[in-house]
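Okay, thanks everyone, let me pull this one up on the screen. I'll talk through some ring contacts, then a metal site, then the pockets.

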Amino acid sequence: AKEMGGGGRLEIYAAHMHAKVVGRLELQTQLRQALANGEFLLEYQPVVDLESSQVTGVEALVRWQHGDERVLPEGFIGPAEESGLITPLGEWILREACEKVALWRASEWDITLSVNLSVKQVLAPRFVETVAGALADSGLPAEVLTMEVDEEVVLESQGEAVERLAQLRRLGVRLAIDDFGMGYASLAHLRELRVDTIKIDPSFIRDLGTDGTVTLLTHTIIRLGQDLGVQVVAEGIERSEQLEQLRSMGCGYGQGFLVARPMVAEGVEALVGGEAGIPL
Ligand code: C2E
Ligand code: MG
Ligand code: MG
Ligand code: MG
């Protein structure tokens with residue numbers, strides 16, 4: 001144990017831990033109520049084909065409308081995972097997004113959908129049935145849906161998560177590795193998990209063109225994607241130099257504030273319906 005320098009500091013430490021635990025429990029209760037009260041909403045961030053500048057898909061990103069505050073996932077996904085709420089929340093997210101995108105497709109807009117998954121969701125009972133149910137009820141073709149997972153999914157539960165994802169793939173659902181390049185042994189994971197898409201972590205895009213090693217690594221990931229026949233999406237494009245560099249490296253798809261921010265469904269509809277388009 002670390003030197004605490006007497007009982008006083010130990011007590012302060014314990015009180016702090018207690019406050020943290022109580023805070024977490026309170027948050028978990030609030031989150032459960034939020035789900036029941038319909039306080040969660042989805043934003044959609046467009047994904048564009050870098051060659052044609054067309055929007056080819058959207059990634060659904062969950063938010064919590066908590067009074068006046070719109071809370072981002074980093075404020076609640078962790079606690080939702082710990083309490084198990086991520087399973088019903090994840091099902092709501094999936095159903096909501098599938099329904100919306102099925103509607104957009106019904107109005108002659110050929111678009112795909114990406115939804116993020118936590119490992120916890122993948123390991124929950126009836127996970128595969130839940131996804132199949134959301135597809136059947138919305139009428140969204142399985143091939144239109146991509147499920148995004150972090151590399152850590154490969155390390156979980158003696159391959160149980162990988163097996164579940166393989167079942168999803170047999171349904172026709174596509175898989176993407178999110179934040180690629182950040183986990184350890186990224187390349188090894190590609191062998192275990194047959195993916196359709198690699199999403200390059202924003203930390204690479206940030207230093208593109210200024211850091212020689214990062215630039216080389218990014219180019220290597222793009223070429224690897226081409227050699228494996230998988231789609232490559234660059235995430236976190238904020239500046240036009242980054243966009244141009246990615247284009248010249250042959251990166252297929254991009255996402256980022258420069259292209260479009262995440263927006264509520266009405267925003268996406270306005271973007272697509274209007275003449276404004278996306279300035280690329
Ligand atoms: P992610 O899946 O890697 O999502 C991309 C994140 O980058 C989003 O943050 C998005 O708003 C942000 N982003 C997009 N373009 C830019 C850019 O140009 N610059 C910067 N700085 N950021 C950009 P968000 O929405 O806060 O989500 C964070 C993470 O939370 C996601 O990372 C994902 O891992 C998780 N998450 C989001 N929605 C869900 C969900 O429905 N279910 C689960 N299980 N996790 C989710
Ligand atoms: Mg993602
Ligand atoms: Mg992620
Ligand atoms: Mg990411």
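**Rings, a metal and two pockets**

So, let's start with two aromatic residues: Trp64 and Phe76 are both buried. Keep in mind that this is a predicted model, and everything I quote is computed from it.

How buried is Phe76 in terms of relative accessibility? Its value is 0%. Phe40 also counts as buried, at 5% relative accessibility. Trp64 and Phe76 make an edge-to-face aromatic pair, with 6.3 Å from centre to centre and 85° between the planes. Trp64 is in strand β2, while Phe76 is in the loop between β3 and α2, so this pair ties together parts that are 12 residues apart in sequence.

If you search the whole structure, you get five aromatic pairs. Another one of interest is Phe40 with Phe76: the ring centres are 5.4 Å apart and the planes sit at 55°, so that pair is tilted. For anyone wondering about the cut-off, edge-to-face needs planes over 60 degrees apart. This pair links distant parts of the chain, with Phe40 in strand β1, residues 40-49, and Phe76 in that loop between β3 and α2, 36 residues apart. Put the ring pairs together and Phe40, Trp64 and Phe76 are linked into a cluster.

One more ring before we move on. What sits over the ring of Phe257? That's the charged end of Arg261, 3.9 Å from the ring centre.

Okay, metal time. Which residues coordinate the magnesium ion, ligand 2? We have Glu59 through OE, Asn116 through OD1, Glu148 through OE and Asp178 through OD, at 2.0 to 2.3 Å. If you like motifs, the donor spacing in sequence reads E-x56-N-x31-E-x29-D. Glu148 lies in strand β5 and Asp178 in strand β6, so those two tie together parts that are 30 residues apart in sequence. Glu148 is buried, with a relative accessible area of 2%, and Asp178 counts as buried as well, at 8%. There's also a magnesium ion written as ligand 3, and 4.9 Å separate it from ligand 2.

Now the pockets. The largest pocket has a volume of about 1100 Å³. It's lined by 37 residues, and the closest to its centre are Glu59, Leu61, Pro73, Asn116 and Asp178. You'll recognise Glu59, Asn116 and Asp178 from the magnesium site. Several elements give two or more residues to this lining, among them β2, α3, β4 and β6. Which element gives the most? That's β2, with five residues. By residue class, the lining divides into 16 nonpolar, eight polar and 13 charged.

The second largest pocket has a volume of about 330 Å³. Here 19 residues make up the lining, and the closest to the centre are Thr112, Ser114, Thr146, Thr197 and Gln231. The elements that give two or more residues include β7, residues 197-200, β8, residues 231-235, and β9, residues 253-255. β2 gives the most to this lining too, with three residues. The lining divides into six nonpolar, eight polar and five charged.

So if you want one element to keep on screen, pick β2: Trp64 lies in it, it gives the most to the lining of the largest pocket, and it gives the most to the lining of the second largest pocket. That's my bit, over to you.

Definitions and conventions: Residues numbered from 1 in each chain as written. Chains lettered and ligands numbered in written order. Predicted model: local features only at pLDDT ≥ 70, side-chain atom pairs only at ≥ 80, totals over all residues. Heavy atoms only, no water. 1 Å grid on protein atoms, 1.4 Å probe; cavity = no way out; pocket = protein on both sides within 12 Å on 5 of 7 lines; lining within 4 Å. Points joined across faces, edges and corners; volume = space filled by probe spheres on them. Helix = DSSP H or I, 4+ residues; strand = E, 2+ residues; numbered from the N terminus. Nonpolar A, V, L, I, M, F, W, Y, C, P; charged D, E, K, R; others polar. Donors = N, O, S within 2.8 Å, 3.2 Å for Na, K, Ca; no water. Buried < 20%, exposed > 50% of the residue type's maximum accessible area, 1.4 Å probe, protein only. Phe/Tyr/Trp six-rings, centres within 6.5 Å; stacked < 30°, edge-to-face > 60°. Lys NZ or Arg CZ within 6 Å of the ring centre and 35° of its normal.
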